[in-house]
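User: Could you take a close look at one part of this model for me, the loop residues with unusual backbone angles? After that, carry on into the core.

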Amino acid sequence: MENKKTLLIIVIALLIFIIIASGFGLYFIINGNAEKEDMLKVDKKIIMYSFEDSFISNVKDSKRILKITIKVELANSKIEDIITARNPEIRNEINLILREKTEEALSGSEGQLKLQTEILEALRKLLKTEKILNVYFDEFIIN
């Protein structure tokens, strides 16, 4: 009889432990997903501006040609209006930067990152704003 009572107590304790452990596990799973959802929220004020045409330029001291398609990440729509209004001036500034690039300066991911940074800084200086957040290349071809 004692063995049955001991066995019953052990089984009940084990069931209670499993229920509590399951509760904690479920709690952490739900909270973990909530944190991931918080990280995935999109800032609706940020705008991606796409230049309509690609930029095509001769590579300095080479017979090769560079073709890039640029998107610019903006903090708000006011900056987008300014970029649209000053598009020819901005395109000219980017073309001036591109024409000075050699094959060596454009090679590898490091060259591409330097070019992105240079274009970003030039746009910020030209438009006198830090609301231009980043520059991205959809297309980067040297042919």
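Analyst: Let's start with Asp61, which counts as exposed at 73% relative accessibility (exposed is over 50% relative accessible area, buried under 20%, partly exposed in between, with a 1.4 Å probe and protein chains only). Keep in mind that this is a predicted model, where local features need pLDDT of at least 70, side-chain atom pairs count only at pLDDT 80 or more, and totals for chains, interfaces and linings use all residues. Residues are numbered from 1 along each chain as its sequence is written, and side-chain values use heavy atoms, leaving out hydrogens and water.

Asp61 sits in the loop between strand S2 (55-58) and S3, and its phi is near 55°, a positive value in a residue other than glycine. Helices (H or I, at least four residues) and strands (E, at least two) are DSSP runs numbered from the N terminus. Lys128, in the loop between H5 and S4, also has a positive phi, near 55°, without being glycine. Lys128 is exposed too, with a relative accessible area of 75%.

Now the core. The largest nonpolar core (buried Ala, Val, Leu, Ile, Met, Phe, Trp, Tyr and Cys residues joined through side-chain atoms within 4.5 Å) has 26 residues, and Ile70, Ile94 and Ile119 have the most contacts inside it. At least two residues of this core come from each of strand S3 (65-74), helix H2 (77-85), helix H3 (87-99), helix H5 (108-127) and strand S4 (132-142). H5 gives the most, with seven residues. Setting aside neighbours within four places in sequence, Ile94 is in contact with Phe51, Phe55, Ile70, Ile119 and Leu123 (contact means heavy atoms within 4.5 Å).
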